[in-house]
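Dear colleague,

I am handing over the structure we spoke about, and my notes on it follow below. Please read them with the coordinates open beside you.

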Amino acid sequence: MKRILITGSSRGIGLEFVKQFLEKGSFVIASSRNPHKYEELKKLKNKFQENLNIIELDVSNEESRDKAFESISNQLDKLDLLINNAGVRFGGEKYSDALGKLHKEDFCKIFLVNSVAPLMMVEKFLPLLEKAEKPIVINISSSSGSITRRTRKGGGFSYSSSKAALNMITKALSVELSDSGIIVVSLHPGWVKTTMELTKNAPLKPSESIEGMIKVIESLKTEDTGKFIDWQGNEFPW
Ligand SMILES: NC(=O)c1ccc[n+]([C@@H]2O[C@H](COP(=O)([O-])OP(=O)(O)OC[C@H]3O[C@@H](n4cnc5c(N)ncnc54)[C@H](OP(=O)(O)O)[C@@H]3O)[C@@H](O)[C@H]2O)c1
């Protein structure tokens with residue numbers, strides 16, 4: 001993988017993607033809402049000066065997406081991989097997505113970040129993706145977005161439906177972009193211990209999940225476009 005843009009790179013899964021791709025020699029654009037706030041990103045910049053560009057990007061904000069595009073297209077003529085990783089579990093009101101506690105504004109905010117923003121990112125960065133030899137868009141989804149697997153109680157209306165919507169966006173984009181050669185895939189990272197709420201008891205370390213997901217990304221073929229796959233390469237039920 002050569003030129004890679006990762007959203008939500010300040011911590012958790014996004015940060016680990018940045019680390020592992022840098023270690024593999026890729027050129028990585030790590031984006032964060034507050035890049036100056038995060039020590040880990042600064043340390044990576046010291047270590048991988050040439051191959052790491054850190055930019056400010058709030059994926060839910062159009063002006064911020066426009067600025068990011070301008071800055072990246074001044075530096076690169078093509079983009080090989082866009083990882084739509086930025087995501088939120090809850091809105092401003094924590095644990096507000098169970099019946100009896102639903103909060104309309106939180107619900108909309110979660111959809112904006114988890115579903116709408118990834119689509120807007122693809123729309124914005126299409127001119128750079130289209131110039132790559134084997135362009136790939138990865139939407140970081142979740143098992144929570146699987147309608148088939150929805151058999152347990154437990155609320156999570158906003159998060160799970162935002163990831164189901166993201167899955168439809170993956171599928172719709174794969175059809176829409178089928179002539180362009182852009183591969184679009186939804187990836188489930190497994191249950192990974194990060195700074196995200198409700199991951200304290202997760203069995204996977206970010207390093208394990210990302211190692212698996214990078215193997216999957218590197219092995220993707222044109223015919224895989226429109227699939228929902230997990231971190232171990234297994235197809236996941238919609
Ligand atoms: N951890 C799991 O078990 C798990 C399982 C399934 C799916 N996922 C998905 O994996 C992705 C990463 O999750 P994580 O576990 O690494 O969560 P995390 O530790 O909470 O990190 C979330 C990242 O998203 C960024 N972000 C949130 N809103 C943003 C916005 N508007 N613009 C730009 N960046 C924004 C955060 O940036 P700030 O630092 O600026 O807040 C942070 O870097 C998410 O899409 C999540 O839904 C995670």
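Which residues form a nonpolar patch on the surface, and with about how much accessible area together? Bearing in mind that this is a predicted model, the patch is made by Leu99, Leu102 and Phe157, which together have about 310 Å² of accessible area. Of these, Leu102 is found in the loop between strand 4 (81–84) and helix 4, and its relative accessibility of 46% places Leu102 in the partly exposed class, because that class lies between 20% and 50%.

Turning to the interior, a search of the whole structure finds one cavity of 30 Å³ or more, and the volume of this largest cavity is about 30 Å³. The lining consists of Thr7, Val59, Asn84, Asn85, Ala86, Val113, Ala117, Pro118 and Met121, and helix 4 (residues 104–129) gives the most to it, with four residues. By type, the lining residues divide into six nonpolar and three polar, with no charged residue.

On charged pairs, a search of the whole structure finds eleven salt bridges, and I describe some of them here.

The side chains of Asp97 and Arg89 meet in a salt bridge with an N to O distance of 3.6 Å. Asp97 is buried, its relative accessible area being 5%, and Arg89 is buried too, with a relative accessible area of 14%; both values can be set against the cut-off for buried, which is under 20%.

Lys42 forms a salt bridge with Glu39, in which the closest N and O atoms are 3.3 Å apart. Because Lys42 and Glu39 are three residues apart in helix 2 (residues 39–47), about one helical turn separates them. With a relative accessible area of 36%, Lys42 is partly exposed.

A further salt bridge links Glu235 with Lys227, where the closest N and O atoms are 3.7 Å apart. Here Glu235 counts as exposed, at 53% relative accessibility, whereas Lys227, at 23%, counts as partly exposed. Beyond this pair, Glu16, Lys19, Glu40 and Lys43 are joined into one network by salt bridges that share partners.

When you go through the model, you may wish to look at the patch of Leu99, Leu102 and Phe157, then at the cavity lining, to which helix 4 gives the most, and lastly at the salt bridge between Asp97 and Arg89.

With best regards

Conventions
Residues numbered from 1 in each chain as written. Predicted model: local features only at pLDDT ≥ 70, side-chain atom pairs only at ≥ 80, totals over all residues. Heavy atoms only, no water. 1 Å grid on protein atoms, 1.4 Å probe; cavity = no way out; pocket = protein on both sides within 12 Å on 5 of 7 lines; lining within 4 Å. Points joined across faces, edges and corners; volume = space filled by probe spheres on them. Helix = DSSP H or I, 4+ residues; strand = E, 2+ residues; numbered from the N terminus. Nonpolar A, V, L, I, M, F, W, Y, C, P; charged D, E, K, R; others polar. Patch = residues over 30% accessible without salt bridge, like charges linked within 9 Å, V, L, I, M, F, W, Y side chains within 5 Å. Areas by Shrake-Rupley, 256 points an atom, 1.4 Å probe, with all protein chains shown as cover. Salt bridge = Lys/Arg side-chain N within 4 Å of Asp/Glu carboxyl O. Buried < 20%, exposed > 50% of the residue type's maximum accessible area, 1.4 Å probe, protein only.
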